[in-house]
Amino acid sequence: MVTLTINAKTVSVPQGTMLLKAVRKAGVDLPTLCDHNALVPYGACRLCMVTITSPYHALVTSCAYPVEEGLVVETDSPEAVRSRCLTLEFLMSRCPQSDVIRKMAESGGVTSSRFGVSSPEQRDELCVLCGLCVRVCRDVIGAAAIDFIGRGKKRKVGAPFQLQSESCIGCGACAEICPTGAIKIEDRGNKRILHTWNTVVELCACSECGRFFTPRPIALLEEIGPKSGDCWDLCPQCRHQVIGKKWLSAQNKGVRWTGRATA
């Protein structure tokens, strides 16, 4: 365990813990857009800045800074607050229509941006370039179907050449993890349309009810977890019913059902 002081409060956390988690344990809610438990620390959004005042002085991103014994941290120091407010102004300028950014800014006392607003064609922009979608697709799903494109103010996220991504499996993890709702996905018949990536994938039909529910190939799911009979071919609703029936049947027979397929 490592003991440190955050806003005059003593906190003990396991060694290797990132400072952001220690700050939250101390009861301080710092804003963040790029931090997620499923991914390694990244420090892209720069919203969780704090000041270390002892044994040295430093302004750091708390989500990517490991705790050290004896650290003294201030979350509301003038430089940390100024840094967070500046970032929020940039985000308000880039995404003036984002409710997520607007609420974060209001919580931080920022009501306007000195940097103006985006051009008319970018006024509805919701992407804050946090990188969560890129990293979850590459590091967790293993598809690497999308990445950053361009540099400077033209930087954005997209599929290669902004065309149909052959690597995309249509899992929807990118949309699920996006903090601002910038990624648009629609299921239409037996197709899943990922509007943001200009990509369309085919959906599988539930073997029980016929409802289209998951993209091909199902083989990827079987690699991640053990196959339970024919449950991978069932939609979530039918799968729940089938597993429930099997569990009840096993209980009535006095055996322990594990959910795994048997030979």
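This is a short walk through the strands, one helix and the cysteines of a predicted model.

I'll start at the N terminus, with strand 1, residues 2–6. In a regular strand the side chains alternate between the two faces of the sheet. Strand 1 follows that pattern: Val 2, Leu 4 and Ile 6 point to one face and are buried. Thr 3 and Thr 5 point to the other face and are not buried.

Which strands does strand 1 pair with? One is strand 2, residues 9–13, which runs antiparallel to strand 1 and is joined to it by five bridges. Within that pairing, Thr 5 has Thr 10 as its bridge partner. The two strands make a hairpin with two residues between them. In the turn, Asn 7 has a positive phi of about 50 degrees. Strand 1 also pairs with strand 5, residues 72–74, this time in the parallel sense and over two bridges. There, Ile 6 stands opposite Val 73. So Ile 6 is a buried residue of strand 1 with a place opposite strand 5.

Next, helix 2, residues 78–94. Its 17 residues should span 24 Å at 1.5 Å a residue, and the end C-alpha atoms are 24 Å apart, so the two values agree. Buried residues in this helix include Ala 80, Leu 88, Leu 91 and Met 92, but also Arg 84 and Glu 89. What do the buried residues of helix 2 pack against? They pack against strand 3 (49–54), strand 4 (58–61) and helix 3 (99–107).

Moving further along the chain, there is an open, antiparallel sheet of four strands in the order 8-9-10-11. Strand 8 (185–188) and strand 11 (212–215) are at the edges with a single partner strand each, so one side of each has no neighbour in the sheet. On average, neighbouring strands here are turned by 35 degrees against each other, direction ignored. Inside the sheet, strand 9 (residues 191–194) and strand 10 (residues 199–205) are joined by four bridges. Ile 193 has Val 200 in strand 10 as its bridge partner.

Last, the cysteines. How many disulfides does the structure hold? Zero. For Cys 34, the closest cysteine sulfur is in Cys 45, at 3.8 Å, which is too far for a bond, since the cut-off is 2.5 Å. Cys 34 counts as buried because its relative accessibility is 1%. For Cys 137, the closest cysteine sulfur is in Cys 171, at 6.5 Å, again too far. Cys 137 also counts as buried, at 10% relative accessibility.

Note on methods
Residues are numbered from 1 along each chain as its sequence is written. This is a predicted model: local features need pLDDT of at least 70, side-chain atom pairs count only at pLDDT 80 or more; totals for chains, interfaces and linings use all residues. Side-chain values use heavy atoms; hydrogens and water are left out. Buried means under 20% relative accessible area, exposed over 50%, partly exposed in between (1.4 Å probe, protein chains only). Two strands pair if DSSP finds at least two bridges between them. Axes are lines fitted to C-alpha atoms, for helices over the stretch in contact, and angles run from 0 to 180 degrees between N-to-C directions. The expected span of a helix is 1.5 Å times one less than its number of residues. Contact means heavy atoms within 4.5 Å.
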